[in-house]
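The following exercises ask the reader to examine a protein model and to reason from its arrangement. Each task is followed by a worked solution.

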Amino acid sequence: MAKVAVLVTNLFEDIELTDPVGALKDAGHTVTFIEKDADNIVSGKHGTEVTIDAGIHHVSPKDFDALLLPGGFSPDQLRADERFVDFVRYFLLADKPVFAICHGPQLFIQTGLAKGRKMTAYKSVQPDLYYAGAIVKDASAVVDRQLVTSRNPNDIPDFNAAMLKVLS
């Protein structure tokens, strides 16, 4: 079973974290919530609280098999911190499984590795991905090798199915 890192901070889109994490756990995978410091409590846009398992400075992307980036305003905040960008960059360069929904793909722009990758995102993020060189598709789940992206909460069933297929 896979060890999945989840990069998250305040104002994540609640269901874009809870539903994929639930699907991962139900399939037997382990999940580690990572933010600036362990034991922080972060809150979603709708009040869901998550206790952070590990601080970004205490983990290595090499210790994980896959990466989940939930949407909401969390990715926009995380991409301002180079430690989180470096974490994501490692996964993309190593072609390890990466799952990003809604605003999650904003982190790919900061890595400089969006060019030529097929992906989708929330409607307002799609032009940013296009200008960063991504091949943007308007679909519920876009799979490009080990990269799975999705647009919004309505796409979660397809996103979860694609995510679990990549991990199988």
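**Exercises on a predicted model**

Helix 6, residues 156–167, lies across strands 6, 7, 10 and 11, and runs at about 175 degrees to strand 7. The model is a predicted one.

**Exercise 1.** State the order of the strands in the open sheet, and explain why one side of strand 5 and of strand 10 is left without a neighbour.

*Solution.* Step one: the open sheet consists of seven strands in the order 5-2-1-6-7-11-10, with mixed pairing. Step two: strand 5 (54–55) and strand 10 (142–144) are at the edges; each has a single partner strand, so one side of each lacks a neighbour in the sheet.

**Exercise 2.** Determine in which sense strand 10 and strand 11 pair, and which residue of strand 11 V143 stands opposite.

*Solution.* Step one: in general, strands of a sheet pair through backbone hydrogen bonds, in either a parallel or an antiparallel manner. Step two: strand 10 and strand 11 (residues 147–150) are antiparallel, joined over three bridges. Step three: the residue opposite V143 is V148.

**Exercise 3.** Identify the buried residues of helix 3 and explain why they line one face of the helix.

*Solution.* Step one: helix 3 comprises residues 82–93, 12 in number, and spans 16 Å from its first C-alpha to its last, close to the expected 16 Å. Step two: taking buried as under 20% relative accessible area, the buried residues of helix 3 are F84, V85, F87, V88, F91 and L92. Step three: viewed down the axis of helix 3, these buried residues fall within an arc of 155 degrees, so they line one face. Finally, D95 follows helix 3 and has a positive phi, near 55 degrees.

Methods: Residues are numbered from 1 along each chain as its sequence is written. This is a predicted model: local features need pLDDT of at least 70, side-chain atom pairs count only at pLDDT 80 or more; totals for chains, interfaces and linings use all residues. Side-chain values use heavy atoms; hydrogens and water are left out. Two strands pair if DSSP finds at least two bridges between them. Helices (H or I, at least four residues) and strands (E, at least two) are DSSP runs, numbered from the N terminus. Contact means heavy atoms within 4.5 Å. Axes are lines fitted to C-alpha atoms, for helices over the stretch in contact, and angles run from 0 to 180 degrees between N-to-C directions. The expected span of a helix is 1.5 Å times one less than its number of residues. Buried means under 20% relative accessible area, exposed over 50%, partly exposed in between (1.4 Å probe, protein chains only). The arc is that of the directions from the helix axis to the C-beta atoms.
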